[in-house]
Amino acid sequence: MSSNQELDQKNAVLEQFRETRSRTLELVKTLEKDDFVVQTASYMSPPKWHIGHVSWIYEAIMSKIDKNYEFYSKEFSEYLNSYYQQFGVPHDKGLRGVVSRPTVDQIFQYFNTINQRVERFIESKNISSEEMRLIIMGFHHECQHQELLVYDLQHLLAEQYNPVKKNKISKQSNPEKRSVRINGGLYTMGYNGDDFCYDIELPEHKVYLNDFKIDVFPITNEEYLKFVEDGGYDTYKFWLSDGWEKVKENNWSAPMYWEKIDDEWHVRDFLGIRKINPNEPVCHVSYYEADAYCKWAGKRLPTEAEWEKASCWNEEKSEKTVYPWGNDKPTNEKCNLLESYVWGCSEIGTYPNGASQYGCQQMIGDVWEWTSSEFTGYPGFKSGFDEYNDKWFTNQKVLRGGSFATPEMSIRGSYRNFFRLDERWLLSGFRCAEDI
């Protein structure tokens, strides 16, 4: 690489870094200082912690590249380390909200200091392509926490949150709900682009699929409500044993954030306390709930390989694309991601321009979609960063497609999200599949 090419690459990386950091600050710009320290559940984190952690991870990366790097503060590192044992014993996640120091002001000072350190680090060092990839991974890690921050802001504030940017959700006439046939055979699964991807999206490998059918749209509130009203949460036969235990233990009777007001189901979210919109994808359901619905409906969840083929395979050209619509980057005309700034799910049928070659819509954005696949490494998996992804290869299910809180730069058809089977504070929904 010539010196001019190296300079251009560094400038592009610096611009991406600044954009990512600005988006993080934009998410918390309208919060009151008291909001930053509150932890409303053991599975969420106070905004103060997110702001600090996405800064600390750059310190961890710089220390990997430069063995002489000195961390900003031992106290900060102990509090902001999420689960990396290689950097010391992490602070208890469930107790992040009981710590008053470092203060909110100190965290923002730290955020700005790390900005300066990262920029100097990129500008002054001879960084190899592999080291640059680690730095860019930091941007994508920050994107993940931007999404987690949105989940936590909904849990903390819901309709009281006042985003800097907010656009209207367009209304749709009722589109036809149907399924499409996908031919089976050998399919090469995994990321095949040239840009960044995580280690868990690699290597590409062949899988064999039987012929199957998959829904054009995610399951809607209207469809899921039929399951609720048919006694779905009262009938053990639809549920996995562990799932039924969760239903009884937690008194589940509907998706998270649903509540009955005057005998009608409402949802409380960023858009207010409102009647369930029948045409929006159902959201905030666990794997157990998605699986139970499928059993009730006489269908099943797709495997992640089936989901990826329905999303990214162009049968006419016999080629795989990065996104359902092709290889062009996401836009607001194709999908509902964080930069759409609608702060909620779009009705099904809103994005026909984002359809896959098979006609499946909204496979990127709106809600993450549960698959039946266990989260584990692909054959030939090699870790790109210790303790980042591979330590979670147990008791988790894969979700695909992103949500309305996912930043554009961090999603693609091969992206593999993963959560435990009972978690539902994330923006999670699903679509059904069937054997042929």
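Let's start in the middle of a sheet: strand 11 (residues 397-400) and strand 12 run antiparallel and are joined by 3 bridges. Helices (H or I, at least four residues) and strands (E, at least two) are DSSP runs numbered from the N terminus, and two strands count as paired if DSSP finds at least two bridges between them. Lys-397 stands opposite Phe-419 of strand 12. This is a predicted model, where local features need pLDDT of at least 70 and side-chain atom pairs count only at pLDDT 80 or more, while totals for chains, interfaces and linings use all residues. Residues are numbered from 1 along each chain as its sequence is written, and side-chain values use heavy atoms, with hydrogens and water left out.

Zoom out a little and the pair belongs to an open sheet of 4 strands in the order 12-11-10-13, with mixed pairing. Its edges are strand 12 and strand 13 (428-429), each of which pairs on one side only. Helix 9 lies across strand 10 (368-374) and strand 11, and runs at about 135° to strand 10. Axes here are lines fitted to C-alpha atoms, for helices over the stretch in contact, with angles from 0 to 180 degrees between N-to-C directions; contact means heavy atoms within 4.5 Å. Helix 9 (residues 304-312) is mostly covered, with 9 of its 9 residues buried. Buried means under 20% relative accessible area, exposed over 50%, and partly exposed in between (1.4 Å probe, protein chains only). Among the buried residues of helix 9 are Trp-307, Lys-309 and Cys-312.

Next, follow the chain back to a loop. Ile-200 sits between strand 2 (185-189) and strand 3 (205-209), and it is buried, with a relative accessible area of 2%. Which residues is Ile-200 in contact with, leaving aside its neighbours within four places in sequence? They are Phe-375, Tyr-378, Phe-381, Asn-389, Phe-393, Arg-416 and Phe-418. The C-alpha atoms of Ile-200 and Gly-384 are separated by 8.8 Å, although the two residues are 184 apart along the chain. The strands on either side of this loop, strand 2 and strand 3, pair in the antiparallel sense over 5 bridges, and Tyr-187 has Val-207 of strand 3 as its bridge partner. Strand 3 is two-faced: His-205, Val-207 and Leu-209 make up the covered face, whereas Lys-206 and Tyr-208 are on the uncovered one.

Another open sheet has 3 strands in the order 5-6-7, with antiparallel pairing. Strand 5 (258-261) and strand 7 (272-275) are its edges, each pairing on one side only. On average, neighbouring strands of this sheet are turned by 35° against each other, direction ignored. Strand 6 (residues 264-269) pairs antiparallel with strand 7 over 4 bridges, and the bridge partner of Asp-269 in strand 7 is Gly-272. Helix 6 (residues 221-229) lies across strand 5 and strand 6, at about 70° to strand 5. Its buried residues are Asn-221, Glu-223, Tyr-224, Leu-225, Phe-227 and Val-228, and their cover includes strand 5, strand 6 and helix 8 (287-297). After helix 6 comes Gly-231, with a positive phi near 80°.

Now for the empty space. On a 1 Å grid over the protein atoms alone, a cavity is a set of points where a 1.4 Å probe fits but cannot get out, and a pocket is an open set with protein on both sides within 12 Å along at least five of seven lines; lining residues have an atom within 4 Å of a point. Grid points are joined across faces, edges and corners, and a volume is the space filled by probe spheres set on the points. The whole structure has 3 cavities of 30 Å³ or more, and the largest has a volume of about 170 Å³. Of the 19 residues lining that cavity, Val-267, Asp-269, Arg-274, Glu-280 and Cys-283 lie nearest its centre.

The largest pocket holds about 940 Å³ of space. It is lined by 37 residues, and Lys-93, Leu-148, Phe-418, Phe-419 and Trp-425 are the closest to its centre. Helix 2 (47-65), helix 5 (129-156) and strand 12 (417-419) are the elements that give two or more residues to this lining, with helix 5 giving the most, 8 residues.
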